Amino acid sequence: MSDSSDRSTNINFMKEPVLRKLCEVLDKTDSKGWRKLGEIVGSDRRLRVSSDEMEMCSLKVLELAGSPSRMLLRLMGERGCTAGHLLDCLQTLGNSEALQCLKPPGLQILIQPQSVALISGHNLRLSCYAVGKSPVQYQWFKTKEEVPNSFSPDLVMSPVHLKDAGFYICRVNCGEAFEFSQWAQVDVLNVGASYGQSYHSLEGRLKLVVQPQAQRLLVGETLQLECGAVGRPIPRYQWHRNGVPIPNASKRKLTIPCVMQDHHGKYRCEISSNSERMWTNQVDVVIAPRISIQISGAMECSEDDFYALGANPNEFLLNSIPEQLYATDKVALLIGNLSYKNHPQLKAPMVDVYDLTNLLRQLNFKVVSLLDLTESEMRNAVDEFLLLLHKGVYGLLYYAGHGYENYGNSFMVPVDAPNPYRSANCLCVQSILKLMQEKETGLNVFLLDMCRKRNIHDDSTPNIVLRVTANIVFGYATCQDAEAFELSSSGFTNGVFVKFLKKRLLDDEKITVVLDRVAEDMGQFDATKGKQALEIRSSLSERRALTDPILPGDSADLAQAHNRQWAKAHELPESMSLDFDCGAQIKLGFAAEFSNVLVIYTHIVKKPEDLSFCQAHVTDFSQDLDVDPKEMNRETPEETGIYLLSSSLPQHCLYTRLSSLQKLREELVFTVCLQGTFTSMEDDPVHWTKSVSIGKPLIARLDLHRAMRRNSCLQTCLMPHSPSHSPCHSPGPEHHLHLHLHHGQHQAQDYSRLSPQQPYLDVYEHLQGAAGGCGDSYYENLSRSHCEPAAYELAAGPPGSPGQPSIPIETTDDINELQTVFINSLQLQQQ
């Protein structure tokens with residue numbers, strides 16, 4: 001940044017790697033982060049960022065890869081902020097790590113590899129050239145795999161084949177320093193030999209080599225159009241229908257599954273590269289209806305028959321084809337209860353909620369994921385969920401835990417429910433549906449992963465009158481008066497329902513079609529065949545799908561207010577650096593496993609030379625959280641119970657998992673303790689401490705611990721027994737199969753035969769016979785449990801194991817997606 005030309009560069013034109021590193025630092029720093037930078041900029045009249053704009057920056061946490069710092073820097077750049085201005089602001093801020101991002105590196109990549117599209121059989125050359133203070137070494141990668149014998153600045157493939165298409169990157173080493181080049185995409189087209197000569201003469205120029213072909217399809221079939229061009233840099237594509245750009249149609253191949261009649265029209269693709277631009281031929285796509293009409297009461301004719309007769313099948317359509325359906329927003333509440341006080345413990349809900357959270361976020365749902373809620377916490381969580389609903393919103397409630405069904409009403413059992421429990425101690429699902437209907441939601445989906453056995457201790461018959469609406473879908477993990485199962489194993493696995501649901505949830509199909517396919521898959525699962533079957537109840541009259549796009553409605557201001565409330569309840573504390581008097585520096589970081597589970601990790605960034613030993617740990621947490629000191633400050637995430645998020649956390653730290661954040665009554669204040677031993681005092685350790693306050697993190701801001709505030713959920717349930725008068729003298733009817741099976745009420749008499757060491761029946765021997773003695777891991781331990789059928793399958797062992805990414809990639813840009821996965825994988829390998 002020393003030369004004037006660099007200082008005069010607008011920050012919006014700074015190099016992407018520099019901006020990315022700078023944003024990572026500013027996003028994670030507390031007192032010297034992006035908020036403080038915004039305050040400093042506020043003193044400059046020309047660059048000033050308003051409070052509303054700062055709020056917009058904070059809302060970036062709603063996005064999976066959202067960066068408040070990136071938003072702030074973009075606003076500053078739009079007001080003319082230069083690199084010199086930014087450097088001065090960072091110096092005022094006093095953030096040395098951020099300043100370091102703007103310093104000229106000791107290793108610089110001068111030539112970046114460029115994406116290219118070429119024809120199979122021709123020669124590929126990708127170039128990367130760097131300079132450094134010492135000799136430079138190169139290594140090329142294709143996605144995450146090293147390219148053999150690729151140690152030079154040029155990667156040459158002669159000839160190139162279809163299998164060579166993909167994304168390439170070069171790692172440049174100079175001593176201990178290393179940098180990665182930008183990603184380069186190689187697109188290899190398989191076309192006729194007639195293009196070979198003209199392609200050679202136009203090397204590097206844009207050349208159209210594949211034209212789309214006209215199509216004639218039936219409603220419900222898949223439309224596939226393909227075009228292709230070669231050149232360097234790689235061409236960009238945009239498909240058009242009837243002269244209008246098609247949203248999200250920017251690939252070489254256009255695929256539209258399950259076409260409707262309104263997809264017919266004239267299609268062509270615009271292809272561009274730098275200043276060059278060209279169009280493909282325009283082709284007709286005809287979508288014929290699927291009809292069958294009787295003539296003379298005797299002959300039945302198909303579409304082809306009518307075409308042959310010269311008739312227009314459109315004249316026979318009785319109903320118009322529906323247009324694209326939209327949601328004004330998508331909101332999901334996921335509750336997993338597993339640590340019951342008076343009933344058998346469960347495993348699957350934690351893994352099921354985690355997996356569904358990641359999948360629903362890929363579908364642009366705002367997801368609140370909560371574990372182990374008491375009755376009041378569940379009711380308050382539902383109230384917060386209802387606040388996010390308004391006209392046209394898609395609302396989804398998933399529950400995994402103990403449960404039962406009486407007289408057509410389903411009840412979810414909180415973790416503090418007495419034994420036995422009644423409706424007064426539980427939440428009625430139908431009462432929640434009634435409240436959702438009052439919000440005029442566009443779609444109401446309930447996925448209930450629990451048993452549905454009759455509760456003989458509960459004689460109440462809630463009189464819940466629902467509106468007649470055609471937008472309700474119930475997916476029950478098991479049939480009426482039947483039990484649901486979770487799979488018992490030494491690790492963490494999905495429950496039977498979610499094991500199959502997660503494979504279908506992202507399908508672009510009507511939600512009832514998705515559930516139908518899940519039911520078919522479950523029906524082929526030998527372990528539960530004849531014991532558990534998915535039941536679907538629906539009044540859905542439109543082709544609404546969880547993949548439907550979001551189009552905000554008239555209540556934009558209301559939606560924005562709800563978004564802010566939701567965002568504030570999901571903001572992580574910003575990471576911070578703590579400096580101790582001895583000269584040591586500690587990095588304190590945070591991660592969210594669920595909306596009410598926080599992970600804290602500590603790492604020693606700087607250790608004084610005169611300290612032979614140095615370690616930092618956290619302690620003195622609020623008694624509300626009930627943290628076991630034996631499970632804090634462990635050297636691996638798994639030791640402290642962090643199984644699902646472990647592969648996403650930084651390495652070589654001490655980890656602490658704080659669950660049940662909803663119980664936090666005050667701001668979270670704790671102590672960071674540094675223990676060190678000076679070289680001159682080997683047997684006399686010294687302690688330094690710092691108190692840290694991080695406010696109310698994540699869901700703690702909503703104060704779900706309080707007594708039911710609005711009571712909106714409670715008011716819809718009739719309560720024949722108050723919680724204080726519910727008898728607790730005999731086992732309840734909760735049901736959950738591990739192939740933990742939920743005990744049915746009809747089995748209550750069998751409890752006397754169980755020893756205290758065996759709280760649920762082991763049914764392995766019964767199911768093994770039915771399964772034919774199969775050695776599949778699912779049959780290892782099938783045992784009975786109470787009222788909850790969910791358990792998680794992580795294909796290659798415990799969560800976080802190699803090859804099983806904990807958090808799905810949700811970026812729309814292929815290269816950005818690869819960047820994150822690739823760099824993380826390399827870092828893990830190096831460590």
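These legends walk through a few close-up views of a predicted model.

**Figure 1. The whole chain, before we zoom in.** The chain runs to 831 residues, and 52% of them count as buried. Its secondary structure comes to 18 helices and 44 strands. As for the outside, the chain exposes about 37900 Å², with carbon and sulfur atoms supplying 48% of that area.

**Figure 2. A look inside the largest cavity.** Rolling a probe the size of a water molecule over the atoms shows where empty space is left. Here, the largest cavity has a volume of about 120 Å³. Three elements each give two or more residues to its lining: β24 (366-371), α11 (375-387) and α15 (556-568). Which of the elements gives the most to the lining? That's α11, with 4 residues. In total, 15 residues line the cavity, and the ones nearest its centre are Val368, Glu384, Phe385, Leu388 and Leu702. Sort the lining by class and you get 12 nonpolar, 2 polar and 1 charged residues.

**Figure 3. Two rings in a stack.** A pair of aromatic rings is described by the distance of the centres and the angle of the planes. For Tyr404 and Phe411, those values are 4.9 Å centre to centre and 15° between the planes, and the pair is stacked. Planes under 30 degrees apart count as stacked, so the 15° of this pair fits the label. Is Tyr404 buried or exposed? Tyr404 is buried, with a relative accessible area of 0%. Phe411 has 2% relative accessibility, so it counts as buried too. Now bring Tyr421 into the view: Tyr404, Phe411 and Tyr421 form one aromatic cluster. Across the model, the count comes to 9 aromatic pairs.

**Figure 4. One lysine, two rings.** Find Lys499 and follow its side chain out to the charged end. That end sits over the ring of Phe500, 5.1 Å from the ring centre. The charged end of Lys499 also sits over the ring of Phe525, and there the distance to the centre is 5.5 Å.

**Figure 5. A proline in a loop.** Where is Pro257 found? Look in the loop between β17 (253-256) and β18 (265-273). Pro257 has 40% relative accessibility, so it counts as partly exposed. Buried would need a value under 20%, and exposed one over 50%, which is why 40% lands in between. Gln224 belongs in this view as well: Pro257 and Gln224 are 33 residues apart in sequence, and their C-alpha atoms are 8.5 Å apart in space.

Conventions. Residues are numbered from 1 along each chain as its sequence is written. This is a predicted model: local features need pLDDT of at least 70, side-chain atom pairs count only at pLDDT 80 or more; totals for chains, interfaces and linings use all residues. Side-chain values use heavy atoms; hydrogens and water are left out. On a 1 Å grid over the protein atoms alone, a cavity is a set of points where a 1.4 Å probe fits but cannot get out, and a pocket is an open set with protein on both sides within 12 Å along at least five of seven lines; lining residues have an atom within 4 Å of a point. Grid points are joined across faces, edges and corners, and a volume is the space filled by probe spheres set on the points. Ala, Val, Leu, Ile, Met, Phe, Trp, Tyr, Cys and Pro count as nonpolar, Asp, Glu, Lys and Arg as charged, and the others, Gly among them, as polar. Rings of Phe, Tyr and Trp (its six-membered ring) pair if their centres lie within 6.5 Å; planes under 30 degrees apart count as stacked, over 60 as edge-to-face and the rest as tilted. Buried means under 20% relative accessible area, exposed over 50%, partly exposed in between (1.4 Å probe, protein chains only). A charge sits over a ring if NZ of Lys or CZ of Arg is within 6 Å of the ring centre and within 35 degrees of the ring normal. Accessible areas come from the Shrake-Rupley method with a 1.4 Å probe; for residues, only the protein chains shown count as cover.
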